[in-house]
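Me: I am new to reading structures and would like a close look at one part: the surface that sits by the DNA. Could you walk me through that part and then show me how the rest is arranged around it?

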There are 2 protein chains.
Amino acid sequence: MHAHSSPRPRTGSAVTLEMVAARAGVGRQTVSNAINSPDLLRPQTLERVRRAIDELGYRPHRAAQALKTRASRLIGYGIRSSSTGVPTPVLDQFLHSLSEAADRAGYRVVLFAVAPEDDGLTGYQQLLDEHGADGFVLSGTDRGDRRQGWLHERGVPYVAFGRTWTGRDVGDWVDVDGAAGTSAAVRHLAGLGHRRIGFLGWPKGSGVGDDRARGWQGAMRELGLSTRGRRMESADDPGHATEAAERLLATGATAVVAASDTLALGWYQALRRAGRTPGPEAAVIGFDDSPIAPLLFPSLSSLAQPLDAVGRACMQLLLERLGDHRRPIEHVLLEPELVLRESA
Amino acid sequence: MHAHSSPRPRTGSAVTLEMVAARAGVGRQTVSNAINSPDLLRPQTLERVRRAIDELGYRPHRAAQALKTRASRLIGYGIRSSSTGVPTPVLDQFLHSLSEAADRAGYRVVLFAVAPEDDGLTGYQQLLDEHGADGFVLSGTDRGDRRQGWLHERGVPYVAFGRTWTGRDVGDWVDVDGAAGTSAAVRHLAGLGHRRIGFLGWPKGSGVGDDRARGWQGAMRELGLSTRGRRMESADDPGHATEAAERLLATGATAVVAASDTLALGWYQALRRAGRTPGPEAAVIGFDDSPIAPLLFPSLSSLAQPLDAVGRACMQLLLERLGDHRRPIEHVLLEPELVLRESA
DNA sequence: ACCCCGTATTGGAACGCTCCAAACGTGGCG
DNA sequence: CGCCACGTTTGGAGCGTTCCAATACGGGGT
């Protein structure tokens, strides 16, 4: 006998523990236990409570939980202004995988804007005070970044996407192994028969850039190839990159590994000026696999950062630390993937 | 006489209303009023309470507020998986400006992952139930999008970035005026002396694409220029775009407005095959001003979506609706900015 | 001097949840 | 037969805030 009343869970209403308890004919706390410590209940009771929960479409109210337990199940992410020139690393995919991993664990990612001039510490403070954020995910961590130390002092769990390159790391991080990437690129080019493989990088001093240069250099050495005069530096813009690429071309390089897709574009342009075009005779592999890579003529081979995996790993590390504040610091280094297209 | 105790606000601690009240020598509620209805207090009392708040670094605990007032000051944003081919529109800048605007108003943006197959309605439901989200920001709204209707039925405030193109709009939205953009592009090209200005667009049927086509057509008509045979359609990938561009070139077009930067790239490639290069004789203006635009040779003029303004407008509309659920539906249409570079 | 009223301020109660200590069987054991 | 122990279940208390009704305080009118 189907009643007229809708069988599906009532939506949007505020179903409370008490209502579920009444429906299941048990006490308030029993329902709470059914959710948080099911093993405390007699199987029969558990079943009854579970049915009531489903029928009413009950979902615990996080604010009430947070108030009592002092755990908000909120993870903060300070989103920097990208209008300061350099666009933040391909943020959306990272944020998506971060969110997804968080959701699966019953957490949520909360954004807050961080002004570029400000260290953004006040933003972190605010989220901590007002929402009682359980932890933070950082990205775009520089050498001089004060955030790590600040959070560490206060015993706030966090995980960084990116190393600090300061040697002494005070917290967990996940990063992409740039050296492994450029190293793989060199080996691939060598396998194609190239011997004079150059490197187009940023000026020394940036952790990320130096790391990528190191991978190139290491692989060249292992293969017994000379690196002398094969490394050129340039700021990350097409103009400078073109000049640097021309210098590299002048040394007789037949292939190049670039620290970024933008720099790789310099190689394209240098070749064009010389009436040539990227390909088997003048190969190039970029870094980051930005959206432009497949659009170029010829399309650009590039090292893709495994942003999905990075997001998942960040969240996993963070959740583990939330579970145990004094577990040993952990690092995760993920290898970029060499996406082969026409340019190499 | 400076005591040894630090003068700066204690950080990370849990300062409560009660503590502030004790410090200021007033009742609990008076402190609450000092924050929420300052005009109720005697100026002198207000001043005293304010000092206490500053000294202790007090910040209201949102979870407690939410529990009592049923307003979480949380705005949900369902972030879709971008791995489904089409990358979501330049998300990071939008999210940043959204966050910033929200923060300024005392709100925060909460992310949740939306699986591509799923309509993501469960995600919205969850955030509503568990966190009592006050409203939502949607983006990537399609014609068949069920989210608007779903939210509307439940009386949940929301604002969409993007029109539904279904004629009957049930809620607020903010969008970029594609027609105004392409129209401005045409006028600019005409000002440069071009008469045979083509349009490189997507197949008819997509709201966004048709809108951009309409702008081109309208401006052409106003200028007394013929559009016959000047409109070519292509999927949004370089291969197809090149073919379409070649057809356009064959009609004798000297300039083209493209519905996307990817399509504009087709023009580059078509010219290259003909041994030519974009410029005064073969101008092109793209759409979206993607990061590739300044990197191309020659650099690509393009219509930039004012994402900062869009984010701000979204939040403003949403906040206004939060303030008054039954205010009339409002739409905001923002003009893209023509960013001129070498290609036109 | 007294009462009344508006302004300023106050503490109890409640939001929905979990911690805690206590209550409730129920069966084994002395 | 009574008592204790253990496995389950229960309601009170309180997290920090705001709503609400009540109180305290003055100052004017009578």
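**The surface by the DNA**

Reply: α4(A) gives the most to the surface near DNA strand C, with 5 residues. Before we go on, please keep in mind that this is a predicted model.

Let's stay with strand C for a moment. There are 26 residues around DNA strand C, and those that come nearest are A:Leu17, A:Ser32, A:Ala64, B:Gly27 and B:Thr45. Both protein chains are in that list, with residues from A and from B. Which elements supply at least two residues each to this surface? They are α2 and α4 of chain A, together with α2 and α4 of chain B. Sorted by class, the residues of the surface near strand C are 9 nonpolar, 12 polar and 5 charged.

Now turn to DNA strand D. Around this strand there are 26 residues, and A:Gly27, A:Thr45, B:Leu17, B:Ser32 and B:Ala64 come nearest. Two or more residues of the surface near strand D come from each of α2 (28–36) and α4 (62–69) of chain A, and from each of α2 (28–36) and α4 (62–69) of chain B. Here the largest share, 5 residues, is given by α4(B). The surface near strand D divides into 9 nonpolar, 12 polar and 5 charged residues. Put the two lists next to each other: A:Leu17 is among the residues that come nearest to strand C, and B:Leu17 is among those that come nearest to strand D.

How are the two protein chains related? Chain B can be laid on chain A by a turn of 180 degrees and a shift of 0.1 Å along the axis, with an RMSD of 0.1 Å. That is the relation of a two-fold axis.

Next, look at how α2 of chain A sits against its neighbour α1. The axes of helix α1 (residues 17–24) of chain A and α2(A) come within 8 Å and cross at roughly 100 degrees. The two helices α1(A) and α2(A) are therefore roughly perpendicular to each other. On the α1(A) side, the contact is made by A:Leu17, A:Glu18, A:Val20, A:Ala21 and A:Ala24, while α2(A) brings A:Arg28, A:Thr30, A:Val31 and A:Ser32. By class, this contact has 5 nonpolar, 2 polar and 2 charged residues. You have met two of these names before: A:Leu17 and A:Ser32 are among the residues that come nearest to DNA strand C.

From here we can move to the place where the chains meet. How many residues does each chain bring to the contact? Chain A brings 48 residues and chain B brings 48 residues. On the side of chain B that touches chain A, the elements giving two or more residues are α4, α5 (91–104), β2 (108–114), α6 (121–131) and α11 (261–273) of chain B. Among them, α5(B) gives the most, with 8 residues. This side of chain B has 21 nonpolar, 17 polar and 10 charged residues. Of the interface residues of chain B, 100% are also interface residues in chain A, so the copies meet through the same surface.

Part of this meeting is a pairing of strands. Strand β2 (residues 108–114) of chain A pairs with β2(B) in the antiparallel sense, over 3 bridges. If you want a spot to find on screen, look for A:Val109, which stands opposite B:Leu111 in β2(B).

Finally, each chain has a sheet, and we can use chain A as the example. Its 6 strands form an open sheet in the order β7-β6-β8-β9-β10-β12, and the pairing is mixed. At the edges stand β7 (231–233) and β12 (337–339) of chain A, each with a single partner strand, so one side of each is left without a neighbour in the sheet. Neighbouring strands of this sheet are turned by 20 degrees against each other on average, direction ignored. Strand β6 (residues 197–201) of chain A runs parallel to β7(A), and 3 bridges join them; the bridge partner of A:Leu200 is A:Met232 in β7(A).

Helices lie across this sheet too. Helix α10 (residues 238–250) of chain A lies across β6, β7 and β8 (255–258) of chain A, and runs at about 160 degrees to β6(A). Helix α11 (residues 261–273) of chain A lies across β6, β8, β9 (283–287) and β10 (301–304) of chain A, running at about 160 degrees to β9(A). In chain B, an open sheet of 6 strands has the order β7-β6-β8-β9-β10-β12, with mixed pairing.

Terms used. Residues numbered from 1 in each chain as written. Chains lettered and ligands numbered in written order. Predicted model: local features only at pLDDT ≥ 70, side-chain atom pairs only at ≥ 80, totals over all residues. Near = placed C-beta within 6 Å. Helix = DSSP H or I, 4+ residues; strand = E, 2+ residues; numbered from the N terminus. Nonpolar A, V, L, I, M, F, W, Y, C, P; charged D, E, K, R; others polar. Contact = placed C-beta atoms within 7 Å. Pairing = 2+ DSSP bridges. Least-squares fit on C-alpha atoms with pLDDT ≥ 70 in both. Axes fitted to C-alpha atoms, helices over the stretch in contact; angles between N-to-C directions. Parallel < 35°, antiparallel > 145°, perpendicular 65-115°, else oblique.
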